[in-house]
Every structure is written in structure tokens, then in C-alpha cells.
Amino acid sequence: MTIADPSIADPSIAAAEAPIRFDTKFVVVVRDDLAVWQKLNVASFLAGGVTGAEPQLLGEPYRDASDKVYGRLVRQPILVMTGSGAEIATAVRRAKERGLLPSIYTHALFATGHDAANRAAVAAVTTEALDFVGMAVHGDRRDIDKVTKGLSLHP
């Protein structure tokens, strides 16, 4: 998605492209009481989880004017929101009720060192006892609005 931006080096590119309104939303929610490094870590893991599950979210590789190639980015904006652990648990429940597949991050994952240990830490706890510090989900705009009702955009 490209929106006209006066800071873009070639304004004719931005002017030629109108803002896009997506039918879907991609949202990452982080717990409001985490340290900044934890929020960034959680958001990164969660965004990777959603794009791994939905590779169609990735755009095409980037190429500069010198013909150097760069990696792909997610093709639509990712909203970053914040809430309490209880609010995140509610958002996870709402996502599941709507048939969406949320990616989750629990507090226990800060103490693990690899993917298998992460999955084991989640598997050891019942749904009701999971200590959520983050979640991410992609879906229809209306569904995501219902999932995230009551949450705030991250400042």
C-alpha cells in the first residue's frame, strides 16, 4: 500500500497511486505493561507468525534504481494495538469464535530459547490459564474490528 507522501523522493510516483482501502486488517496486540524491548520482540514474532500462516500477505521483492534486490514486505499496514492481559485473552477468544487463527505469545515464552520450547510452554497450560502478552490476527475488517473492540492503538 502506498499513500501519497510529500517526503517521497519522487512525488510523481506517490501522486499516481491513490490510497488503498483493504477489505482485511492485520493487527498485532501487545500487553501494555511490557518493557519496550519485550513489546518489539513480541510484535516481531507475532507478525512473522501471521505472515507464515498466510504467505499471500507478502508483497513482491523490492528493487532499487541500481537493480539491487531487497526482501518482501507485508502488503498492507499492520495496526499495533495495546491492552491488558485480560483484554488480549478476550481478543484471542473473539478471534477463535469467528473462525480466525490468532498467533499468540505468552509470558512463559520470554524464558524459552527456541521454537520447540515455546510450543511446549504453551502446551503445558490450559487455555484459561495462558498468560497472554500478545496476539496477532489477520481477517475481514469487520471481524477484526469486533475482535479488537475496546483495545487502543499503541501510542
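Two strands pair if DSSP finds at least two bridges between them. The legends below describe a predicted model.

**Figure 1. Overview of the predicted protein.** The protein has five helices and seven strands. Starting at the N terminus, these elements follow the order α-β-α-β-β-β-α-β-α-β-α-β. Of the 155 residues, 32% are buried. Taking contacts between residues at least 6 apart in sequence, 71% join residues at least 24 apart. The accessible surface is about 9,400 Å², and carbon and sulfur atoms account for 57% of that surface.

**Figure 2. The open sheet of five strands.** The strands are arranged in the order β5-β6-β1-β4-β7, with mixed pairing. Strands β5 and β7 (152-153) lie at the edges and have a single partner strand each, so one side of each lacks a neighbour in the sheet. In general, strands of a sheet pair through backbone hydrogen bonds, in a parallel or an antiparallel sense.

**Figure 3. Strand β6 and its pairing with β1.** Strand β1 covers residues 24-31 and pairs with β6 in the antiparallel sense, over seven bridges. Within this pairing, Val27 has Val137 of β6 as its bridge partner. Strand β6 spans residues 132-140, and eight of its nine residues are buried, so the rest of the structure largely encloses this strand. Buried here means under 20% relative accessible area.

**Figure 4. The edge strand β5 against β6.** Strands β5 and β6 run antiparallel and are joined by four bridges. One residue to look for is Tyr105, whose bridge partner in β6 is Gly134. Tyr105 also belongs to the lining of the largest pocket, shown in Figure 6.

**Figure 5. The edge strand β7 against β4.** Strand β4, made of residues 78-83, runs antiparallel to β7, and two bridges join them. Met81 has Leu153 as its bridge partner in β7.

**Figure 6. The largest pocket and its lining.** This pocket holds about 290 Å³ of space. Its lining consists of Phe45, Leu46, Gly49, Ser103, Ile104, Tyr105, Leu109, Asp115, Asn118, Arg119 and Val122. Two or more lining residues come from each of α2 (36-53), β5 (103-106) and α4 (115-123). Helix α4 supplies the largest share, with four residues. Sorted by class, the lining contains six nonpolar, three polar and two charged residues.

Definitions and conventions
Residues are numbered from 1 along each chain as its sequence is written. This is a predicted model: local features need pLDDT of at least 70, side-chain atom pairs count only at pLDDT 80 or more; totals for chains, interfaces and linings use all residues. Side-chain values use heavy atoms; hydrogens and water are left out. On a 1 Å grid over the protein atoms alone, a cavity is a set of points where a 1.4 Å probe fits but cannot get out, and a pocket is an open set with protein on both sides within 12 Å along at least five of seven lines; lining residues have an atom within 4 Å of a point. Grid points are joined across faces, edges and corners, and a volume is the space filled by probe spheres set on the points. Ala, Val, Leu, Ile, Met, Phe, Trp, Tyr, Cys and Pro count as nonpolar, Asp, Glu, Lys and Arg as charged, and the others, Gly among them, as polar. Buried means under 20% relative accessible area, exposed over 50%, partly exposed in between (1.4 Å probe, protein chains only). Contact means heavy atoms within 4.5 Å. Accessible areas come from the Shrake-Rupley method with a 1.4 Å probe; for residues, only the protein chains shown count as cover.
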